[in-house]
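Subject: A structure to look through

Dear colleague,

I am handing over the structure below, and I would ask you to keep it open while you read the notes that follow it.

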2 protein chains.
Amino acid sequence: MLLSLLHRRSHHHLHRLRLLLLLRHLPQQSKPLSTLTIPLSHPTYIIWSSNTSLGKTLVSTGLSSSFLLSPPSSNTKKFLYLKPLQTGFPSDSDSRFLFQKLSSLSLRRNLPLVSSHSILLSSLPAANSFKPNNFSFNELQGLCELGFYEERKVLVEGSVTPELVSETLYAWEGALSPHLAAEKEGGAVGDSEVVKHVERRLREGLLEGGVERGRLDGFCVIETAGGVASPGPTGTLQCDLYRPLRFPGVLVGDGRLGGISATISAYESLKLRGYDVVAIVIEDHGLVNEIPLMSYLRNRVPVLVLPPIPQDPSNNLLEWFDESHNVFNSLKNILLEAYLERILGFNEMARRAGDVFWWPFTQHKLVPPCSVTVIDSRCGENFSVYKVQNKEFITQQFDACASWWTQGPDAALQTELARDMGYAAARFGHVMFPENVYEPALECAELLLDGVGKGWASRVYFSDNGSTAIEIALKMAFRKFSSDHGILPELFENNSAERCIELMVLALKGSYHGDTLGAMEAQAPSSYTGFLQQPWYTGKGLFLDPPTVFMHNGKWNLSLPEVFHSETLRPEDMTFRSRDEIFLKSRDKSNLAGLYSSFASQQLSQCSGLSSIKQIGALIIEPVIQGAGGMHMVDPLFQRMLVNECRRCRIPVIFDEVFTGFWRLGVEAAAELLGCVPDIACFAKLMTGGIIPLAATLATAAVFDSFTGDSKLKALLHGHSYSAHAMGCTAAAKSIIWFKDPTTNLNITSEKSQKMLLRELWDAELVQQISSHPSVSRVVTLGTLFALELQADGSNAGYASVYASSLLQMLREDGVYMRPLGNVIYLMCGPCTSPEICRQQVIKLYRRLEEFTNQNQLGK
Amino acid sequence: MLLSLLHRRSHHHLHRLRLLLLLRHLPQQSKPLSTLTIPLSHPTYIIWSSNTSLGKTLVSTGLSSSFLLSPPSSNTKKFLYLKPLQTGFPSDSDSRFLFQKLSSLSLRRNLPLVSSHSILLSSLPAANSFKPNNFSFNELQGLCELGFYEERKVLVEGSVTPELVSETLYAWEGALSPHLAAEKEGGAVGDSEVVKHVERRLREGLLEGGVERGRLDGFCVIETAGGVASPGPTGTLQCDLYRPLRFPGVLVGDGRLGGISATISAYESLKLRGYDVVAIVIEDHGLVNEIPLMSYLRNRVPVLVLPPIPQDPSNNLLEWFDESHNVFNSLKNILLEAYLERILGFNEMARRAGDVFWWPFTQHKLVPPCSVTVIDSRCGENFSVYKVQNKEFITQQFDACASWWTQGPDAALQTELARDMGYAAARFGHVMFPENVYEPALECAELLLDGVGKGWASRVYFSDNGSTAIEIALKMAFRKFSSDHGILPELFENNSAERCIELMVLALKGSYHGDTLGAMEAQAPSSYTGFLQQPWYTGKGLFLDPPTVFMHNGKWNLSLPEVFHSETLRPEDMTFRSRDEIFLKSRDKSNLAGLYSSFASQQLSQCSGLSSIKQIGALIIEPVIQGAGGMHMVDPLFQRMLVNECRRCRIPVIFDEVFTGFWRLGVEAAAELLGCVPDIACFAKLMTGGIIPLAATLATAAVFDSFTGDSKLKALLHGHSYSAHAMGCTAAAKSIIWFKDPTTNLNITSEKSQKMLLRELWDAELVQQISSHPSVSRVVTLGTLFALELQADGSNAGYASVYASSLLQMLREDGVYMRPLGNVIYLMCGPCTSPEICRQQVIKLYRRLEEFTNQNQLGK
């Protein structure tokens, strides 16, 4: 029973008008740049190399000749060759080389071929040297549109004519790395522009030619420039630049002395970016480099050896191509086979998953194979999801669950973390923790104490997840309480199993502290705690109904449980002028503070006194936001008053920051928002940046001291084998530093004195609009969280509701991956996600909310 | 109260005699090859390069000149240069180049220098070409001892004379990669031999010269051959070959076109082996490669640029060295500073750890800083531990806790896993699991069902650790039981919180199923469950005292709880002729089987019937070995009879294979040893190879079906954010395959029909000897486990005992890292650990047991 001072008015119309005005200003953003649709209807490979001049273009040419210039087939074959970045142009042009060579080979072999060659864009100096018929210089881009196109035809009567399309996307004159050429000549085309351009050419290139759909009739190759980690035009390494596409690759290795090492290192750089390498090709230099390479690869990746390449510049290489024919045929077959296997794999994954997985929190009967999401990879904020709609493709979806509340890295941090994970595993594997010290654990512990534990914590207890961190916290708190209150001191001697006192927690209704039984006992009865789920659950707590705050109709409101209703409260006590006001310390002097405080005091006094068997031994709260309970924002004033009262009674205070910690709510620890500190706090999820499980329970020196003594039996006898595992601690240390460094996390501001905050990520105007939407009953935005509750009743409300499904389905089509908490839905981003990306998701959400509302109205 | 048919005889003397005989045969093995002692009393760096011919030797030379040929100091400085592997010899000799150049530079700069040059070993062809005065050919090694030594002195009056020692350890004639040269010319020196040789030269090199101890007076450089991943003489990549030493490195990168990529890739290969790179050096080719390199490195590693190197072969480079003087000085200072920082860091780690850590299962008062182990890294089975005993050094310790029961990889698998961890993090970061599928999770689940779950399991539920896997298993079992027995069907509708029935487990005393409260409730009262530790523990089970088996005096014995004592048992029923006999299915027909069976049946009947409030809803056992309870081996016949009886009563059976799974006991799942299957089984620890937390609860289709229905509330509402995380599943999939593949795990045998087993890892004769030792009350060996209980009574026995401390202290000095379970100690290895390594540890243990016994006798 909540008191609500809201006046729900249907201003749907007015509001829709405002939205239209709002959206009119955003024509460009409506199709966000980040969403890629990557066709998979034909095999596509990236040609990488461990260095320049090892023969990438020869391999591309050989592949295209093997694909196109083979015994005639009934289908029209088409080969698309893309050279996204060409330097040294026009003297060097790999797309021209391939075009010319293939024409010559078709003549030589008397096989038909239609081939075309285009150069699309170049720097001004390159255009001036090249001098095509006419070109236009786009000053904004610093690039010239060359519009250069040439074509050749070799026709053979009675044969179907295969087609070659050879294209250079961007060219510069200097025979330099693209980043230097672009710096010198202009045309520093952006990373996402290059990727989008490649994506567009892939989508259009094979269709335009009119090739009928048929997997093995098309083949695409994207040839990189230089080595795998050579910089692109902005300086981004090419292996990072092309990462959102994540096509499988062919690595052109090095057959010379030293080439084993160079090839292996290049291979490892690709693996460290999450690429698959399907084949390695090297030139024969008589050193049988393939043997150690195969041994290193444990025969999992084939290594093909090309005959020595004639060094004489006058050699037209046609004979060499003839000689290499078998090698290229093998390569082609390997690539076709790997492609088919990949597609087959994709197509079977959903079914196979449905056969063997037992997903958590999932009613399998409600998950048909078609609704299973097949995730090929993730890059920063986006999943790459495999889909079939007429054709196979991979599309990006913004991970609005922020991978179930853990995910933090942008693409740059992800790459760094990947390297660090490799390093930590190689350096430490796993080493047991008790009585030992190793760098990552120590660094992580010190960063925690200097960050989220600053000013109060002095010890770090590591475990594996939020649940275990909470169980440890409860053990700590109860010991401290028992020790402070002289309860059962004899137990400290004989460790008797008799229980004369039942220790309970003070906790809030709607809280959720984890899934293991001990953590569960600290939450109020809920859908999760029935006999059906938890036969052992009894609910060992005093559970209070908390006052909550939320935005509705553009205003922040307070919702008070009945117990707080009082004549001393005026209507203006029930709203806030801004979200900031909610957190003001000055509210401590308000009437409400008095009400909260005396309520807390009264509750505690009911449960205290030595005569009572049940005693409150700990306060446990999720500061500010109750996550799993439905993204409710608890009035921080209430929580602060509870903490104060507990402290007065020497009841240890536990903050469950598993969800709220590490910038989830815009500050490093949500305790900062409450303006008070705990005795014990639990962290997990985002602590490692969100890529690997690790949890920590922080405690004060006084809590720690209640476990020291002469006997091992007085120590905290709880621990998991992977306590403080090296990879987890490495990831945590890296992420903690990264998130709060303004040079790596552009969202960090420290406006108000020295307190660090994330800037506001959710467009204020849009948020207000949505909070006024008739389908929305409340909105909460804070830090990386944007949550809203859909107006619903009956079975449409609550955790088991599937009310939001159709809305979320539409959003998935827009590239937003959400998962509901019943009729509560949310967008979650990482601490480094740009406000622009957030804004795009909110706009999509808003648009689909309209449709959802209309559907529901029609349905009624 | 146990019945024991043992006849303890003091045959100490006889037994010692046998040991002596035994040890006489092992003079070589007594100092195991694998134990390295790596001096840290002077800065030592490995010089790596991204390819051949980039100037490693110039950098070594420049460094030595900066170190030795600088303004005179009062101390005698000494620089040790080691070229472990030289090919193209004698025309190429990097140690000679450095020796000659430095002599010339000292003359040119008029600075004193004593320099020496040695070539120690070479192939026969190299020796024949080189023709030193006399050399001897060691046919066994295939190497010549050259004994070549030359010396030069440039003395300047009144100055202290610094000293250069320049050495080549192994030389081949061919200008090829060492693996090809060794293949062609012989002298394929083993990896550990090379490493040991380097270690020896480092230990002796600086001492022999009589340099007084003083960190900055000595400097060592180890120059590799070719690129970072160029093969050594056996084909092992050099970055893998030198990994046990893990000295920090200088990377000589590539300043040419394409060099950014090559340098970054080489850097990443080093990181992927757990190396630290302290500085990168490149030659200036006018391409400012240092800019993108610094940007990639985020300025964390300095990049130094050398002036262009004259290409004219007649140039003696002396001017170039003068020109480069400042760069080499900077490099030297960077390396000295990094060295001091490293040592300082090591020296402070134990204290810092003691200040901030809260170790699990550890009474901090009993851990003074001096007893904290500072672990620099691990490589395969060994920790590398930092120690100070007069001097600073790093020493290897065999991780006999197998990192607290998780560790599996040998050095080769560790490297592969590290690469896979980088790949998984880069490809997936973390992606949420429910309703999704991604490759590693699917592969892992299918491998589990096809391996440890084969023949019974059809679903995989992922979580984070053994504890959570057990809690999930209990929820599964209770639901299945309730559903099968028609208990509270109305709860399936309204999910009422009323509890009219209390479900309990049937479990064994001495079992341990994890640290969270739910898992704890399934164990009998113990040191871990008192009010002090677990205020909420009540012990929700019927706990039976199990019969156990163990070896004593070389024989396997059965120890029966009193309840089984019976006149039908003969003395021969209480011993086994071999360990294999214990596991024979034919025992099902024995008297004992009948006793066990009727006992189980009687216990169950006491707790069943619809009238009873307490009902047994699950059987939970650790198959065969109870780990944390003290490494007790339970009679498998007893467990099998329990399983049979429970099955008869439709009580779901849970196998807790968290400790026993994945070859810990010599078979992939310990269920194989029991000869029966469960309904639910839990796995964790070794599942990922032991490097990252991940757990799985496997279940039958019937168990799964009891959770399907129309409502989400009927689903299993338990889950952790990192469920089925990509890195964990990747590691698990890799390790599962690796461990059972006879080509990667040489311990795999499949002698008996198709059943795969690990070969016996613990020397049978030694084990028998130890089981007869007067200080040893019992021994259990099975698979990777060798456990023994020290004869102890009073406070010396039990979990809190510190009785074993002095024994373990001695063993640490021998390079064996153990941690006791009270008076039970154990050696644990990985599934791939060679029997020879195991044997070495047992010998060490045996020797120290003798000493320990003598100490204790003296103490009495």
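Helix α20 of chain A, which covers residues 636–648, lies across the strands β18, β23 (614–621) and β26 (653–656) of chain A, and it runs at about 140 degrees to β23(A). Please keep in mind throughout that this is a predicted model. The three strands under this helix belong to an open sheet of seven strands in chain A, whose order is β17-β28-β27-β26-β23-β18-β19 and whose pairing is mixed. At the edges of this sheet stand β17 (459–463) and β19 (541–544) of chain A, each of which pairs on one side only. If direction is ignored, neighbouring strands here are turned by 25 degrees against each other on average. For one pair that you can follow by eye, take β18 (residues 502–508) of chain A, which runs parallel to β19(A) and is joined to it by four bridges; within this pair, A:Leu506 has A:Leu542 as its bridge partner. As general background, strands of a sheet pair through backbone hydrogen bonds, either parallel or antiparallel.

Chain A also holds an open sheet of 10 strands, again with mixed pairing, in the order β6-β7-β5-β8-β4-β9-β3-β10-β11-β12. Its edges are β6 (136–138) and β12 (303–306) of chain A, and because each has a single partner strand, one side of each is left without a neighbour in the sheet. The average turn between neighbouring strands of this sheet, direction ignored, is 20 degrees. Within it, β4 (residues 78–86) and β8 (residues 163–171) of chain A run parallel and are joined by eight bridges, and A:Leu82 finds its bridge partner in A:Glu167 of β8(A). Helix α2 of chain A, residues 56–68, lies across several strands, among them β3 (44–49), β4 and β5 (113–122) of chain A, and it runs at about 175 degrees to β9(A).

Taken as a whole, chain A has 26 helices and 34 strands. Its radius of gyration is 32 Å, close to the 29 Å that the globule rule gives for 860 residues, so chain A is as compact as a globular protein of that length. Along the principal axes, the C-alpha atoms of chain A fill a box of roughly 100 × 70 × 50 Å.

Some backbone details deserve a careful look. Most residues other than glycine have a negative phi, and most peptide bonds are trans. Against that background, the peptide bond from A:Phe89 to A:Pro90 is cis, with omega near 5 degrees, and A:Pro90 sits in the loop between β4 and α3 (94–109) of chain A. In chain B, a cis peptide bond joins B:Phe89 and B:Pro90, with omega about 5 degrees, and B:Pro90 lies in the loop between β4 (78–86) and α3 (94–108) of that chain. A:Val288, which is not a glycine, has a positive phi near 40 degrees, and its place is in the loop between β11 and α9 (290–297) of chain A.

How many residues does each chain give to the contact between chain A and chain B? Chain B gives 148 residues and chain A gives 148 residues. On the side of chain B, helix α13 (residues 411–428) gives the most, with 12 residues, and by class that side has 76 nonpolar, 50 polar and 22 charged residues. The two chains also share strand pairing, for β16 (residues 436–437) of chain A and β13 (residues 373–379) of chain B pair in the parallel sense over two bridges, and one of the links is between A:Asn436 and B:Thr373.

Finally, helix α23 of chain B (residues 726–740) packs against two helices of chain B. The axes of α14 (residues 439–450) and α23 of chain B come within 8 Å and cross at roughly 40 degrees, and these helices are therefore oblique to each other. Their crossing is left-handed, and the residues in contact divide into 10 nonpolar, one polar and one charged. By contrast, α13(B) passes α23(B) in a right-handed crossing, at an angle of about 145 degrees and with the axes 9 Å apart; there the residues divide into 10 nonpolar, one polar and three charged.

With kind regards

Conventions:
Residues numbered from 1 in each chain as written. Chains lettered and ligands numbered in written order. Predicted model: local features only at pLDDT ≥ 70, side-chain atom pairs only at ≥ 80, totals over all residues. Contact = placed C-beta atoms within 7 Å. Nonpolar A, V, L, I, M, F, W, Y, C, P; charged D, E, K, R; others polar. Pairing = 2+ DSSP bridges. Axes fitted to C-alpha atoms, helices over the stretch in contact; angles between N-to-C directions. Parallel < 35°, antiparallel > 145°, perpendicular 65-115°, else oblique. Left-handed = near helix turned anticlockwise from the far one by under 90°. Rg over C-alpha atoms; globule rule 2.2 N^0.38 Å.
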